[in-house]
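Trainee: I should like a close look at a single part of this protein, with its immediate surroundings described in order. Please begin with the helix that you consider a suitable centre for the discussion.

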Amino acid sequence: NFTTLLYTIKFEGAPMSGEMDRNTIGVCILGDCDYNWSLSTSEQETVLHHLLSEHKMVIANIQTVYDVNQYCKYWRNKINQQNICEYLHGINVHKKGEIEDKNVPDAPELYYMLNDTSPEDKAIRYKIYSDKLESVLKQQQIERSQTNMRVQCLFCPETIAGSRFTISEHLYKEHSFTIGHPDNVVYTIEFIEHLRRKMTKSECLYCDKTFRDYKTLREHMRKKLHKKLNSSNTEFDKYYIINYREFGKTWKHLSNDTEDTEIKPTNKNGSPFEESWEDWQAAPPGIKCLVCEVVYTKFGEVKQHMVSQHNVDFESLTHNMSYYKQVRLVNYFRYLLADSLCPYCENPQHPHPDITAHLLSHGHVTRLSHERCHDDRYLFPALENDYLLCCLKEGEEEEGEVTVIPEDDR
């Protein structure tokens, strides 16, 4: 069971958080292999190349592994050359063109694949993602209030001191260069230093071409208008908060999802329809119940329905809660109830066949006896265009509250 595994998985040592320790050593996924690498390198490409060339092994859907070293360390305690078939799928691969004699059949080579079709692997990846999301949100909150950042400018000798807004303002006003809106960036100093290393190697930040010296690079960036970042370059994704918004999806996937669901109006002949706002009346937005599919147009009616039909007293549950805690609570309920898991139970690992009847068995519950709903992962909406979140009362922001702005201005 995926949910059960998710709650039982524990990692050795603390997960990676904050800016990367460039002296940290990564390990191979096989317990009996001594290969290691520096995490200052491009870790995904390094790991994949080693596993493929040395062990004929592939990690499928590597983009859903948010910390490759943590992933390798987990499996290293279980997998070795002797038991590899117990955990990985074997695939016979025929290499064409290596045998000149056509009468001699190709000798297939056995390769191994580790993918998220198994519940354990899927749970590991999601656990790593959850830990990474928590770490990223904490780091972003630290940087929001930090006013003593110091970093040397990428383009001039000046040392920029102050907040992330000060750094961004200097780069834009003095050099017409931007890394995006400061609210969308995380690990700001590490990001700047990453860009500096590329420029030190005379590598263009936009097209990745390498030039003979730094002076030639600067001239190239000026003439070709390459004094900007290439949004298609995935090596920058870790520095933008939107890329942690949804498991396995980057800002590109989220953007494509929005475009795919857009319906553009057309006339009968198929030509674009000219929109007119005259006599337009907006339909009242629907507010969906936390438990069932019932939708009301008034918030008070939804709350009354939840009390009478499901024993969910929303007013009491959110009493004295700040706005962001209310958001977490709503999304916590929606995520769990969508999987028929009870938000009240102390150990919500097992789904209930009839979650509505189970909720009624708890009686009139006015407070949660646990704090799982306060996890920062529940700041992200469980339901697209959830108008219930717009109906929450503005509470005073408590110390330590995280403000998340998911829009991307790259």
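Mentor: Let us take helix H7, in what is a predicted model. Ten of the 13 residues of H7 are buried, so this helix is largely enclosed by the rest of the structure. The buried residues are Thr188, Ile189, Glu190, Phe191, Ile192, His194, Leu195, Arg196, Lys198 and Met199. The list includes Glu190, Arg196 and Lys198 beside Ile189, Leu195 and Met199. The length of H7 can be checked as well: at 1.5 Å a residue, its 13 residues should span 18 Å, and the end C-alpha atoms are 18 Å apart, which agrees. After H7 comes Ser202, with a positive phi near 60°.

What covers the buried residues of H7? The cover includes H5, S6, H6 and helix H8, which comprises residues 214-223. Two of these elements, H6 and S6, deserve a description of their own.

Helix H6 is formed by residues 164-175. Its twelve residues should span 16 Å at 1.5 Å a residue, and the distance between its end C-alpha atoms is 16 Å, in agreement. Buried in H6 are Arg164, Ile167, Ser168, His170, Leu171 and His175. Viewed down the helix axis, these buried residues fall within an arc of 160°, so they line one face of H6. The background to such a pattern is that an α-helix has 3.6 residues a turn, so residues three or four places apart point the same way. On the other side of H6, Tyr172, Lys173 and Glu174 are exposed. The cover over the buried residues of H6 includes helix H5 (119-145), S6, S7 and helix H7 (188-200). H6 thus appears in the cover of H7, and H7 appears in the cover of H6.

The loop between H6 and H7 contains Ser176. This residue comes just after H6, and its phi is near 50°, a positive value in a residue other than glycine. Ser176 has a relative accessibility of 57% and therefore counts as exposed.

Next come the two strands that help to cover H6. Strand S6 (residues 149-152) pairs with S7 in the antiparallel sense, over four bridges. Together S6 and S7 form a hairpin, with six residues between the two strands. One bridge of this pairing places Gln152 opposite Thr159 in S7. Along S7, which covers residues 159-162, the side chains alternate. Ile160 and Gly162 point to one face and are buried, whereas Thr159 and Ala161 point to the other face and are not buried.

For comparison, consider another part of the fold, an open sheet of three strands in the order S3-S5-S4, with mixed pairing. Strand S3 (57-59) and strand S4 (89-93) stand at the edges with a single partner each, so one side of each is left without a neighbour in the sheet. Neighbouring strands of this sheet are turned by 30° against each other on average, direction ignored. S3 and strand S5 (residues 109-114) run parallel and are joined by three bridges. In this pairing, Ile59 stands opposite Leu114 in S5.

Both Ile59 and Leu114 are in contact with Ile29. Ile29 lies in the loop between strand S1 (25-27) and strand S2 (36-38), and with 0% relative accessibility it counts as buried. Its other contacts, leaving aside neighbours within four places in sequence, include Leu51, Met57, Tyr71, Cys72, Trp75, Arg76 and Ile79. Ile29 and Asn69 are 40 residues apart in sequence, and their C-alpha atoms are 8.6 Å apart in space.

A further buried residue is His305, which has a relative accessible area of 10%. His305 is placed in helix H10 (residues 299-310). Not counting residues up to four places away in sequence, His305 touches Cys289, Cys292, Val294, Tyr296 and His310.

These parts may finally be set within the whole. The protein has 13 helices and nine strands, and 42% of its 410 residues count as buried. Among contacts between residues at least 6 apart in sequence, 59% join residues at least 24 apart. The accessible surface comes to about 23500 Å², and 49% of it belongs to carbon and sulfur atoms.

Technical notes: Residues are numbered from 1 along each chain as its sequence is written. This is a predicted model: local features need pLDDT of at least 70, side-chain atom pairs count only at pLDDT 80 or more; totals for chains, interfaces and linings use all residues. Side-chain values use heavy atoms; hydrogens and water are left out. Two strands pair if DSSP finds at least two bridges between them. Axes are lines fitted to C-alpha atoms, for helices over the stretch in contact, and angles run from 0 to 180 degrees between N-to-C directions. Buried means under 20% relative accessible area, exposed over 50%, partly exposed in between (1.4 Å probe, protein chains only). The expected span of a helix is 1.5 Å times one less than its number of residues. The arc is that of the directions from the helix axis to the C-beta atoms. Contact means heavy atoms within 4.5 Å. Accessible areas come from the Shrake-Rupley method with a 1.4 Å probe; for residues, only the protein chains shown count as cover.
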